[in-house]
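Me: I would like to go through some side-chain arrangements in this model, one question at a time. Could you reason each answer through before naming the result?

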Amino acid sequence: MDFLADALGDGRRLRILTIVDDFSRLCPGILVQHSIPSATVTAFIDQVSLLYGLPQRIRVDNGPEFTSAAFHCWAVMKDIQIEHIRPGRPSENSFVESFNGRFRDECLNEHWFLNLQDAQDKIEYWRRSYNEQRPHSSLQNMTPNEFVKEQETLSEGYGLTLQMAQTLG
C-alpha cells in the first residue's frame, strides 16, 4: 500500500491510497478522499477484504497513517503482519511504486477532476481497466483478473483456496 497526492481542478487536495497484491498484480481498491487517516485506511481494507480476503502481510512506508497505534492494533486484531520499508527506500515496495507510476501517468496526469466524486469515478474506471484489460508480461501476458482466476482453478485440484496457496507459498 502507498499514498499519492493530487488535486482537484479548484486546487483542493486529494489523498489517494493504492493497494496492489504483489503476487497477482491485482489492485483490489483505490481510496480517494480529501483526507485519509489511519482509521479510514483500516476501514477501507476491511471493506476490500469482503471481496478479496485479508492479506497475511502488508508492506508500507513509514508514513503517519501506517505507523499509528490504531493501524498496528487493527493489524494485530486481524493477524496481519506489517512490514515497514526502510526510510528513503521506496524500491523495497517496488510493485506498488511501479503501479503508482503507471497510475499517475495514465490516469492522474490525464484527467482534470471537477470534484471528489468525479475523481473517484474516473479513478475507479481506470482501476477496473487495469485489472480487467491490461495484460502483464510477468503474468504470462494475462490480466490480473485472468491470473487470479487461473490460480484459483489450479489450486482447486489441490483442495486449496487461492488465499491458502498464497499463505503456503
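Me: Which residues do ring pairs link into a cluster?

Reply: The model is a predicted one, and the cluster is described here on that basis. One of its members, Phe3, also has the charged end of Arg15 sitting over its ring, 4.2 Å from the ring centre. The residues that ring pairs link into this cluster are Phe3, Phe66, Phe71 and Trp74.

Me: Are the rings of Phe99 and Phe103 stacked or edge-to-face?

Reply: By the pairing rule the count comes to 9 aromatic pairs. For Phe99 and Phe103 the ring centres are 6.2 Å apart and the planes lie at 20 degrees, and planes under 30 degrees apart count as stacked. The two residues are 4 apart in helix 4 (residues 94-106), and are therefore separated by about one helical turn. Given the 20 degrees between their planes, the pair is stacked.

Me: How many residues apart are Phe103 and Trp126?

Reply: Phe103 has a relative accessible area of 0% and is therefore buried. With Trp126, Phe103 forms a tilted aromatic pair, 5.1 Å centre to centre and with 45 degrees between the planes, and both residues are buried. The pair links distant parts of the chain, since Phe103 is in helix 4 and Trp126 is in helix 5 (residues 116-133), and their separation is 23 residues.

Me: Is Ser24 buried or exposed?

Reply: Ser24 is placed in the loop between strand 2 (13-19) and strand 3 (29-33), and its side chain makes a polar contact with the side chain of Asp21 at 2.7 Å. Leaving aside neighbours within four places in sequence, Ser24 is in contact with Leu139, Pro144, Phe147 and Val148. Because its relative accessibility is 3%, Ser24 counts as buried.

Notes: Residues numbered from 1 in each chain as written. Predicted model: local features only at pLDDT ≥ 70, side-chain atom pairs only at ≥ 80, totals over all residues. Heavy atoms only, no water. Buried < 20%, exposed > 50% of the residue type's maximum accessible area, 1.4 Å probe, protein only. Polar contact = N/O pair within 3.5 Å; in protein donor to acceptor, adjacent residues only side chain to side chain. Contact = heavy atoms within 4.5 Å. Phe/Tyr/Trp six-rings, centres within 6.5 Å; stacked < 30°, edge-to-face > 60°. Lys NZ or Arg CZ within 6 Å of the ring centre and 35° of its normal.
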